Each structure stands twice: as C-alpha cells, then as structure tokens.
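Student: I would like a close look at one part of this model, taken slowly and with its surroundings in view. Could you take me through it once the structure is on the screen?

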Amino acid sequence: MPRLRVISIAALPVMSLLSSTTLAQIDPPQFYGRINANIQQDRYDDESNTSLVTNNSRIGVRGGESIGEGYEAVYQLEYKVSPEDESTFSQRNSFIGVRSDWGMVSAGYFDTPFKRAQGDVDVFNDLVGDITQALTVHERRESNSIMYTSPDSWGPLTSHVAYIAHDDRSRSDGVSAMLAYENNNLYTAIAVNSNVQQDDEEAVRAVAVYTLGRWQFGALAETSDRVQTGSNSGWLLSTTYRLDENWTLKAQGGQSDIRFQDGESYDIGADYRINSRFTLFGFLTQNRGEAIGIRRYGGLGATLNF
C-alpha cells in the first residue's frame, strides 16, 4: 500500500498553556488521511448496477512523547470514513505503545502481522480486485492485540509478532507472526497464523516482490488448514510497468480455494499520477467463486493523500 504523506500540525492553541520544557518533549500530533473513490459498474447474472464507491478512505492522528531513559510513548487513532453517504466512522488501526532501541510494543486494534506480510504484492489493494474479495480470509485486523515490532537496527529485517486475546472465553487465544527482508529492489516475507480467525486453524503465507527497472513483479502463496474444511491453498501473481513519471500499467491474477471453492480474481488497470498526493485510476476486474458466481466490475476514480 502506498505510504501516506503526513501533515504535521506545528502548533495548537492548547499548547500555549504548556511550558517550553514540556513542549520540547512532545511530538506534535500528525494528522493524515486518504480519500479513495471511484464510479463503478458491477455486472452479475446479466444485470448491472452503477454506484459511487469509497475504498477504505480514512483519517487519523498519530504522535509520541518522550518519557525518559530512551523510551517514547506512541499512539495512533485511525478511522474509516465514507464520504459518499451518511455512514458513521468505523475503527481502523489504533493503538498505544512504547518504543525504544529494542523495538516497540503496542496494544490495540490493528492489522495482524500475517496481513502486513503482503507488502506491495496486491497492486489492486482496497479496490474490488483486492485479494480479500475472492482469494483469502486472512487479511484481518484484530482487537485485543499486543504486538512486538523489531527496531530499525535490524537493518533489512523486520519482524512483527502479535498475541491476540479473543473475547470469547471458549476460544483459544491466537498468535500471528511475520519476518520480512527488504533490501534494494527485493522484498520477501514469510508469515504464520495460529487460532486467529477460528480455533484449530493454521495458515502460512510467503511473499516476494522484485523491482527491475520500470517493472515490478510480485508473487504470493498461501495455505490454510482448518479442521472443518481441511487444507486449502491459493496463489497470486502481479506486475506493474511504469511508462513514465505519470502513467503506470498494472495487472494481477490468482486462484484460491481458501475464501471460496474455485475462487479466481483477474484485474487490469492503469494509474495516472498527477503529483505525489493525487492519482487518477481505472480498472477492470473479474471475480469468480462457487458461492458468488462470476462478477465483473469496471471503474474510474481518484486517490488523494493528505
């Protein structure tokens, strides 16, 4: 997923009440967001529908405060918004934590390490061609989570390990973990889930993304083992080609039995980058599965980061 540009609020009226010493220890809150919307036509069983869709648009605030001895208290509050209707806010990645040279420990509601492992392999992320639509059930955000994140001193290696305490006392608590290597043009990751979505479920994911000149190539393989349904697997291949500073062509396709029996998803699209914050895009998608039949989509839209 593309990194969001952050606007720092250098001063707030309430800060005038704080001493200069206190101000020196507090990072100003950073407000950020993304509006992603498109006009979309859906076709299913010879019927069509046209609608305005906002694709996980969000707003948030994050920051931190030095608490001495090399430690920093950090926080983030992020919410999904739906500018096209009167839907209320819904929570996204939100947490409080402590960070130091040994890494960070955070607690809250956020993406599992298994989900984070995908990196940039899903080039239609947040759109109807997202891998969640037909290929996997493991792109999850879990509450009651405590996560360790490795420090920058690990260099090209990054690790996340999360313990998930389920509200249902009849369930076993879950564990999600990932280890990624990123250096120059290569990103690789391996991730595992245990009892995250349901008891007696194990999942493994492997991801690789490689950039070669103007090309990016990505691959994802995933297995899911459940007592009720046995072992299922899926895969995804993706590619992008940067024509120039503005135009990028992209395509991806995959098959999986994890979300639906005989699940398939195929996408082609193009992005036109106006500047670092604003991009126009278009896409064609076909999703298929035993439970949903064949569904086709086409859309034109825009993304604004702030």
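Student: Is R58 buried or exposed? Please look closely at this residue and then at what surrounds it.

Tutor: This is a predicted model, and what follows should be read in that light. R58 is buried, because its relative accessible area is 2%, and the cut-off for that term is under 20%. Its side chain meets that of D126 in a salt bridge, with a distance of 3.2 Å from N to O. R58 lies in strand 4 and D126 in the loop between helix 2 (113-116) and strand 9 (141-149), so the pair ties together parts of the chain that are 68 residues apart in sequence. D126 also counts as buried, because its relative accessibility is 12%. The pair does not stand by itself, since R34, R58 and D126 are linked in a network of salt bridges.

The loop between strand 3 (47-54) and strand 4 (58-68) holds S57, which counts as buried at 0% relative accessibility. The side chain of S57 reaches the backbone nitrogen of N36 at 2.9 Å. If residues up to four places away in sequence are not counted, S57 touches R34, I35, N36, Y79, K80, V81 and P83; R34, named in this list, is also a member of the salt-bridge network with R58 and D126.

To place the salt bridge of R58 in context, a search of the whole structure finds eleven salt bridges. One of them joins the side chains of E78 and R92, at 2.7 Å from N to O. This pair links distant parts of the chain, with E78 in strand 5 (residues 71-80) and R92 in the loop between strand 6 (90-91) and strand 7 (94-100), 14 residues apart. E78 is buried, with a relative accessible area of 5%, and R92 counts as buried at 5% relative accessibility. The side chains of R226 and E201 also meet in a salt bridge, at 2.7 Å from N to O, and this pair links strand 14, where R226 lies, to strand 13, where E201 lies, 25 residues apart. R226 counts as buried at 15% relative accessibility, while E201 is buried with a relative accessible area of 2%.

Turning from charged to nonpolar residues, the largest nonpolar core has 15 residues, of which V121, M178, Y187, V207, L220 and L236 touch the most other members. Strand 11, strand 12 and strand 13 are the elements that give two or more residues to this core. Apart from it lies another core, of seven residues, including V123, F124, F281 and Y297. In soluble globular proteins, nonpolar side chains tend to be buried together. V123 is also among the contacts of T240, together with R214, W215, Q216, T248, L249 and K250, when neighbours within four places in sequence are left aside. T240 itself lies in strand 15 (residues 230-242) and counts as buried at 13% relative accessibility.

W215, one of those contacts of T240, belongs to a nonpolar surface patch of about 1000 Å², whose members also include W154, Y210 and F217. Strand 11 (174-183), strand 12 (186-194), strand 13 (201-212) and strand 14 (215-226) are the elements that give two or more residues to the patch. Y210, in strand 13, is partly exposed, with a relative accessible area of 39%, whereas R58, with which we began, is buried at 2%.

Note on methods. Residues are numbered from 1 along each chain as its sequence is written. This is a predicted model: local features need pLDDT of at least 70, side-chain atom pairs count only at pLDDT 80 or more; totals for chains, interfaces and linings use all residues. Side-chain values use heavy atoms; hydrogens and water are left out. Helices (H or I, at least four residues) and strands (E, at least two) are DSSP runs, numbered from the N terminus. Buried means under 20% relative accessible area, exposed over 50%, partly exposed in between (1.4 Å probe, protein chains only). Contact means heavy atoms within 4.5 Å. Patches are made of residues with over 30% relative accessible area and no salt bridge: like charges are joined within 9 Å, nonpolar side chains (Val, Leu, Ile, Met, Phe, Trp, Tyr) within 5 Å. Accessible areas come from the Shrake-Rupley method with a 1.4 Å probe; for residues, only the protein chains shown count as cover. A salt bridge is a side-chain nitrogen of Lys or Arg within 4 Å of a carboxyl oxygen of Asp or Glu. A polar contact is a pair of N or O atoms within 3.5 Å; within protein, one must be able to donate a hydrogen and the other to accept it, and residues adjacent in sequence count only if both atoms are side-chain atoms. A nonpolar core is a set of buried Ala, Val, Leu, Ile, Met, Phe, Trp, Tyr and Cys residues joined through side-chain atoms within 4.5 Å.
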